[in-house]
Amino acid sequence: MTTPSLSKDIESDSGHWYTQSGEPYYTLIGNNGKERPVTLRDARKLGLLPSVTSTMSMLPKPGLIVWQKRQVLMSALTLTRLPEESDDAYIARIMADANEQAMRARARGTAIHGAIERFICGQSIEDEYKVYVRSALVALTEHLQIDTILDKCEAEKSFACPDLMYGGKVDLHSRDLNIVADFKTKEFTEETERLAWDEQAIQLEAYRQGLGMPDARMINVFISTSVPGLVRVVEHEGDPKYWKIFLSCLNLWKAVKSYG
């Protein structure tokens, strides 16, 4: 007998599952009485829906690959080789350090996302995150040319599309303002030329279709983790190809996983 545990963590919906009614179903209590992540086998039995970002894992991610290579190179530059250390041992230590740095970056991004949601919901946030949260919301407010978004938007809204067999969770959306927004934490500076790619537009397209807002404005808010307070807002133009690409990813994901 398994029972669901609806995670309260605020993070990307990558690897997550949703019920047919749109409720998050990230973990469950197994037969041994311990909580564990939902597996593909569990999802098949329970009829769960994969997340938007899970299905988009079918897309190549050249930007992510470059970032991962950079992490490895930075670790190689900063770790001194030990006397008589073998090539394999040195490489393993470099890879472990790079993985640790990547985990810290993901954890910081998750923490900033959580602080944004708590702030929007009127809760207190830690001092270290205030500069990221306030600068992000101010930049978005200015982009929309309104006084405030705090009483007009809903944060971390989950949804389900049972007919198409996918679900997801949206960082921020407003039916009154007709917007769907996603926050991205990245290492960038004022000199960084480009932050947004088709991948982000495809994700937002899947979100607005899933929410039943097919004409909503699609907005990314990029938050710099290397320059606190630096934010860029990017609004994507609608393009039929984004929906077509997402549906292709979804169909490929279902074929590869033998799902549904």
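This is a short tour of a predicted model, stop by stop, with something to select at each one.

**Stop 1: helix 4 and helix 5**

Start by selecting residues 87-120, which make up helix 4. Then add residues 127-144, and you have helix 5 as well. Turn the view until you can see how the two pass each other. Their axes come within 9 Å and cross at roughly 65°. Angles from 65 to 115 degrees count as roughly perpendicular, so that is the label for helix 4 and helix 5. The crossing of helix 4 past helix 5 is right-handed.

Which residues of the two helices meet here? On the helix 4 side, show R108, A111, I112, A115, I116, F119 and I120. On the helix 5 side, show E128, Y129, Y132, V133, R134 and L137. Colour this contact by class and you get ten nonpolar residues, three charged ones and no polar ones.

**Stop 2: S135**

Stay in helix 5 and pick S135. Is S135 buried or exposed? Its relative accessibility is 16%, and the cut-off for buried is under 20%, so S135 counts as buried. Now show its side chain: it reaches the backbone oxygen of V131 at 2.6 Å. If you skip residues up to four places away in sequence, S135 touches G229 and V231.

**Stop 3: T185**

Next, select residues 179-186, which form strand 8, and click on T185 within that strand. T185 has a relative accessible area of 23%, which makes it partly exposed. What does T185 touch, leaving aside neighbours within four places in sequence? Show G109, I112, H113, I223 and T225 to see those contacts. You have met I112 already, as one of the helix 4 residues that face helix 5 in the contact at Stop 1.

Try a distance here too. From C-alpha to C-alpha, T185 and V170 are 15 Å apart in space, and they are 15 residues apart in sequence.

**Stop 4: two loops with a twist in the backbone**

Most residues other than glycine have a negative phi. The next two picks go the other way.

- Select M165, in the loop between strand 6 (154-161) and strand 7 (166-174). M165 is not a glycine, yet its phi is positive, at about 70°. With a relative accessible area of 19%, M165 is buried.
- Then select N178, in the loop between strand 7 and strand 8. N178 has a positive phi of about 60°, and it is not a glycine either. At 30% relative accessible area, N178 is partly exposed.

**Stop 5: E193**

Move on to the loop between strand 8 and helix 6, and pick E193. Its relative accessibility is 79%, so E193 counts as exposed. Draw a line from its C-alpha atom to that of K241: the two are separated by 24 Å, and they sit 48 residues apart along the chain.

**Stop 6: helix 6 and helix 7**

For the last stop, select helix 6 (residues 198-210) and helix 7 (residues 240-257). How are they packed? The angle is about 85°, and the axes are 9 Å apart. That makes helix 6 roughly perpendicular to helix 7.

From helix 6, show D198, A201, I202, E205, A206 and Q209. From helix 7, show K241, Y242, W243, I245 and F246, which complete the contact. By class, you should find seven nonpolar residues, one polar and three charged. K241, the far end of your line from E193, is one of the helix 7 residues in this contact.

Definitions and conventions: Residues are numbered from 1 along each chain as its sequence is written. This is a predicted model: local features need pLDDT of at least 70, side-chain atom pairs count only at pLDDT 80 or more; totals for chains, interfaces and linings use all residues. Side-chain values use heavy atoms; hydrogens and water are left out. Buried means under 20% relative accessible area, exposed over 50%, partly exposed in between (1.4 Å probe, protein chains only). A polar contact is a pair of N or O atoms within 3.5 Å; within protein, one must be able to donate a hydrogen and the other to accept it, and residues adjacent in sequence count only if both atoms are side-chain atoms. Contact means heavy atoms within 4.5 Å. Axes are lines fitted to C-alpha atoms, for helices over the stretch in contact, and angles run from 0 to 180 degrees between N-to-C directions. Angles under 35 degrees count as roughly parallel, over 145 as roughly antiparallel, 65 to 115 as roughly perpendicular and the rest as oblique. Ala, Val, Leu, Ile, Met, Phe, Trp, Tyr, Cys and Pro count as nonpolar, Asp, Glu, Lys and Arg as charged, and the others, Gly among them, as polar. A crossing is left-handed if the near helix is turned anticlockwise from the far one by less than a right angle, and right-handed if clockwise.
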